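Let's walk through this fold together, strand by strand and helix by helix. Keep the viewer open and follow along as we go.

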Amino acid sequence: MCRPGDTDMSMANTVHIREVGPRDGFQNEPEVIPTARKIELIDALARTGLKRLEVTSFVRADVIAQLADAAAVLEGISVPEGVSVSVLVPNERGLDEALEHRSHIDEINVFLSASETHNRKNVNRSIEESLAGLERVLARARAAGLRCEGVISTSFGCPYEGRVPPQRVLEIAVRLRDFGAQEIGFGDTTGMANPAQVGVFFALARETLGDAVELTAHFHNTRGAGLANALAALQAGVRSFESSFGELGGCPVPAGATGNIATEDLVSMLHEMGLQTGIDLEALIACARRVQEVLGRPLGSHTLIAGPVDWRE
């Protein structure tokens, strides 16, 4: 996997994608998806060429019933060698549960919001309270040999507070880095970002965080700007993205925060630009078709509807 600091020129044309649909996507669905279907879909995604999958989260079942089967999913999936499995953990209790299945996990992701209001509505904590807890989580996860990502929600704007100062976001990012996060993900949680803002932000993030930290972009397509923002991030040097097959997902708060950019739309765009992902687009689209059948409703992915570009060559 390409990391900051790689000098091989071929790596500059490689983009890495973490598929987050099995966690970020499924958790937003109102009806519980059977565990067997989740396992089937994750196993299929793991055979598309995707190398990083966020498969579930260890959260309280009374908060997100959809993910109450986290342990069963982890124990039931069968992913090929070389595919990295990650889980989202909200706190130390979540980490305790995740570590009970350590042999099935390669990475953990922790999260908080850059907006005080959104953080309180999402996890019922202040930003400082979240950071204090995540410092302990990251230290313990690193000690257990897990790779760690810190995800900062509302990095580009908050539906409750409006503009979020980039300096505030980056101050949080520096602390997560210093706590042990090897990767920092910046989330456009409710689709408020624009390409000009994204380009400026990621240039500043690289300057602030240095080359040792992997920068990851996580865009939502709430207002249709997701791929435009991904292109702006690419042009600013970002080579790591998170997305969700079928354009599944959203944010539990507030209402109207629709899905992530579709992985197949992102992959289609990247391939048409001559960039490498290692992903079989047709196989990925087949996964999106399957989840559409499981959910019993049409999904928002453009490539799912139109198919890959056919140049008749």
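Strand S1 (residues 16–19) runs parallel to strand S2, and two bridges link the pair. Helices (H or I, at least four residues) and strands (E, at least two) are DSSP runs numbered from the N terminus, and two strands pair if DSSP finds at least two bridges between them. One pairing to look up is Glu19, whose bridge partner in S2 is Leu53. This is a predicted model, in which local features need pLDDT of at least 70 and side-chain atom pairs count only at pLDDT 80 or more, while totals for chains, interfaces and linings use all residues. Residues are numbered from 1 along each chain as its sequence is written, and side-chain values use heavy atoms, with hydrogens and water left out.

Stay with S2 for a moment. This strand spans residues 52–57, and six of its six residues are buried; buried means under 20% relative accessible area, exposed over 50%, and partly exposed in between, with a 1.4 Å probe and protein chains only. S2 also pairs in the parallel sense with strand S3 (residues 84–88), this time over five bridges, and Ser57 stands opposite Leu88 in S3. Together with helix H3 (residues 70–76), S2 and S3 form a right-handed β-α-β unit. A crossover is right-handed if, with the strands pointing away from the viewer, the path from the first strand over the helix to the second runs clockwise.

Now zoom out. What do the strands build? They form a closed barrel of eight, running S1-S2-S3-S4-S5-S6-S7-S8 with parallel pairing. Neighbouring strands of this sheet are turned by 25° against each other on average, direction ignored. For such angles, axes are lines fitted to C-alpha atoms, for helices over the stretch in contact, and angles run from 0 to 180 degrees between N-to-C directions. Further along the barrel, strand S4 (residues 107–113) and strand S5 (residues 147–153) pair in the parallel sense over seven bridges, with Val110 opposite Gly150 in S5.

Next comes strand S6 (residues 183–188). Six of its six residues are buried, so S6 is largely enclosed by the rest of the structure. Glu183, Gly185 and Gly187 lie on one side and Ile184, Phe186 and Asp188 on the other, and both faces are covered. S5 and S6 pair in the parallel sense over four bridges, and Glu149 stands opposite Glu183 in S6. The chain gets from S5 to S6 through H7, in a right-handed β-α-β crossover. On its way onward, S6 pairs in the parallel sense with strand S7 (residues 214–219) over six bridges, where Phe186 has Ala217 as its bridge partner in S7. The connection from S6 to S7 passes through H8, and this β-α-β crossover is right-handed too.

Those two connecting helices also meet each other. Helix H7 (residues 166–179) and helix H8 (residues 195–209) pack at an angle of about 35°, their axes 10 Å apart. Contact here means heavy atoms within 4.5 Å. On the H7 side, the residues involved are Pro166, Val169, Leu170, Ala173, Val174 and Arg177, and they meet Phe201, Leu204, Ala205, Thr208 and Leu209 in H8.

Another helix to find is H10 (residues 263–272), which packs on the sheet and touches S1 and strand S8 (240–243). Eight of the ten residues of H10 are buried. What covers them includes S1, helix H9 (226–235), S8, helix H11 (281–295) and helix H12 (302–306). Is Met269 of this helix buried or exposed? Met269 counts as buried because its relative accessibility is 17%. Leaving out residues up to four places away in sequence, Met269 touches Leu227, Ala230, Leu231 and Leu234. Just after H10, Gly274 takes a positive phi of about 85°.

Finally, go to Glu29, in the loop between helix H1 (21–25) and helix H2 (35–45). Glu29 is buried, with a relative accessible area of 10%. Its side chain makes a polar contact of 2.5 Å with that of Arg297; a polar contact is a pair of N or O atoms within 3.5 Å, and within protein one must be able to donate a hydrogen and the other to accept it, while residues adjacent in sequence count only if both atoms are side-chain atoms. Beyond four places in sequence, Glu29 touches Gln66, Leu248, Leu295 and Arg297.
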